[in-house]
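Student: Could you take me slowly through one part of this structure, the place where the ligand sits, and then show me how to read some single residues elsewhere in the chain? I would like to follow each step of the reasoning.

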Amino acid sequence: MRRAVCPGSFDPVTHGHLDIVARASALFDEVVVAVGVNKSKSRLFDADERLAMLERACAPFDNVRVDGFTGLLTTYCADNDVQAIVKGLRAVSDFDYELQMAQMNASLTGVETVFLPTSPTYSFVASSLVKEVATFGGDVSALVPDFVNAALLERLAARKAAGEA
Ligand code: PNS
């Protein structure tokens, strides 16, 4: 059994993430979408919300499941018999940091990182930009699943009403 993780914050999940998950699911027997649930980081969606959105978005993939993790990704991989970390690379700008993390992770436990080039359709898509554009009224409906777009609009409206955005 070859098991891989697709790790990330997924705040929120985008079509770019799901493109990588779908392609990883074709390469490995099982893919775990591993959501970093570090409580010290401020997120638009809390860990349970991000997990629930991913569960729904990944439901079409038979060999994909969703899990949360805290602490080091390498510990999660060792504890869960994960052979590879799959990361999407959007551009050269992603590469420096991703290479550094891949090498650090390999040095810690020997776990391999597999880089997949992001589909050109989604190479500009990042959760942070999606949130920023949506915050200022831009239409991000083509970049995230419909139910994520609805949750995003609802959350941003609630924050605006509360004077937080
Ligand atoms: O979606 P993101 O924010 O780019 O995801 C980053 C994530 C969660 C994959 C990365 O920060 C991570 O692996 N965090 C777990 C802590 C860890 O292992 N840190 C050492 C990295 S070399």
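Tutor: What follows starts at the ligand and then moves outward along the chain.

Please keep in mind from the beginning that this is a predicted model. The space taken by the ligand is the largest pocket, and the residues that surround the ligand there are Pro7, Gly8, Ser9, Phe69, Gly71, Leu72, Leu73, Met101, Met104 and Asn105. If we sort this shell by class, we find six nonpolar residues, four polar ones and no charged residues. We can also ask which elements the shell is drawn from: strand S1, which covers 3–8, and helix H4, which covers 92–109, each supply at least two of its residues. The largest share, three residues, comes from H4.

Two of the shell residues deserve a closer look, since for each of them a distance to an oxygen atom of the ligand can be given. In serine 9, an N or O atom of the side chain is 2.5 Å from an oxygen atom of the ligand. In leucine 73, by contrast, the atom concerned is an N or O atom of the backbone, and it lies 2.9 Å from a ligand oxygen. Taken on its own, the ligand has 550 Å² of accessible area, and the protein covers 66% of that area.

Let us now follow the chain into the loop between S1 and helix H1 (15–27), where phenylalanine 10 has its place. Phenylalanine 10 counts as buried, because its relative accessibility is 4% and the cut-off for buried is under 20%. Its phi is near 55°, which is a positive value in a residue other than glycine. The loop between S1 and H1 also holds proline 12, and the peptide bond leading from aspartate 11 to proline 12 is cis, with omega near 0°. To see why such details are worth pointing out, remember that most residues other than glycine have a negative phi, and that most peptide bonds are trans.

A positive phi is found again at aspartate 81, where the angle is near 55°. Aspartate 81 is found in the loop between helix H3 (73–79) and strand S4 (84–89). With a relative accessible area of 47%, aspartate 81 is partly exposed, because this value falls between the 20% limit for buried and the 50% limit for exposed.

Strand S2, which comprises residues 30–36, gives us another place to practise, and glutamate 30 is found in it. At 15% relative accessibility, glutamate 30 counts as buried, and its side chain takes part in polar contacts with two arginines. One of these contacts, of 2.5 Å, is made with the side chain of arginine 3, while the other, of 3.3 Å, joins glutamate 30 to the side chain of arginine 65. Valine 31 has its place in strand S2 as well, and with a relative accessible area of 0% it is buried. Valine 31 and valine 114 are 83 residues apart along the chain, and their C-alpha atoms are separated by 13 Å.

Beyond S2, in the loop between S2 and helix H2 (47–58), we find arginine 43, which counts as partly exposed at 22% relative accessibility. Between the C-alpha atoms of arginine 43 and tyrosine 122 the separation is 22 Å, and these residues are 79 apart along the chain.

Two further residues let you practise setting a separation in sequence beside a separation in space. Leucine 116 lies in strand S5, made of residues 112–117, and counts as buried at 10% relative accessibility. From leucine 116 to serine 128 there are 12 residues in sequence and 20 Å in space, taken from C-alpha to C-alpha. Alanine 161, which is found in helix H6 (residues 146–161), counts as exposed, because its relative accessibility is 72% and the cut-off for exposed is over 50%. Alanine 161 is 42 residues from serine 119 in sequence, and 37 Å from it in space, again from C-alpha to C-alpha.

Notes: Residues numbered from 1 in each chain as written. Predicted model: local features only at pLDDT ≥ 70, side-chain atom pairs only at ≥ 80, totals over all residues. Heavy atoms only, no water. Near = heavy atom within 4 Å. Polar contact = N/O pair within 3.5 Å; in protein donor to acceptor, adjacent residues only side chain to side chain. Areas by Shrake-Rupley, 256 points an atom, 1.4 Å probe, with all protein chains shown as cover. 1 Å grid on protein atoms, 1.4 Å probe; cavity = no way out; pocket = protein on both sides within 12 Å on 5 of 7 lines; lining within 4 Å. Sits in = over half its atoms within 2 Å of the grid points. Helix = DSSP H or I, 4+ residues; strand = E, 2+ residues; numbered from the N terminus. Nonpolar A, V, L, I, M, F, W, Y, C, P; charged D, E, K, R; others polar. Buried < 20%, exposed > 50% of the residue type's maximum accessible area, 1.4 Å probe, protein only.
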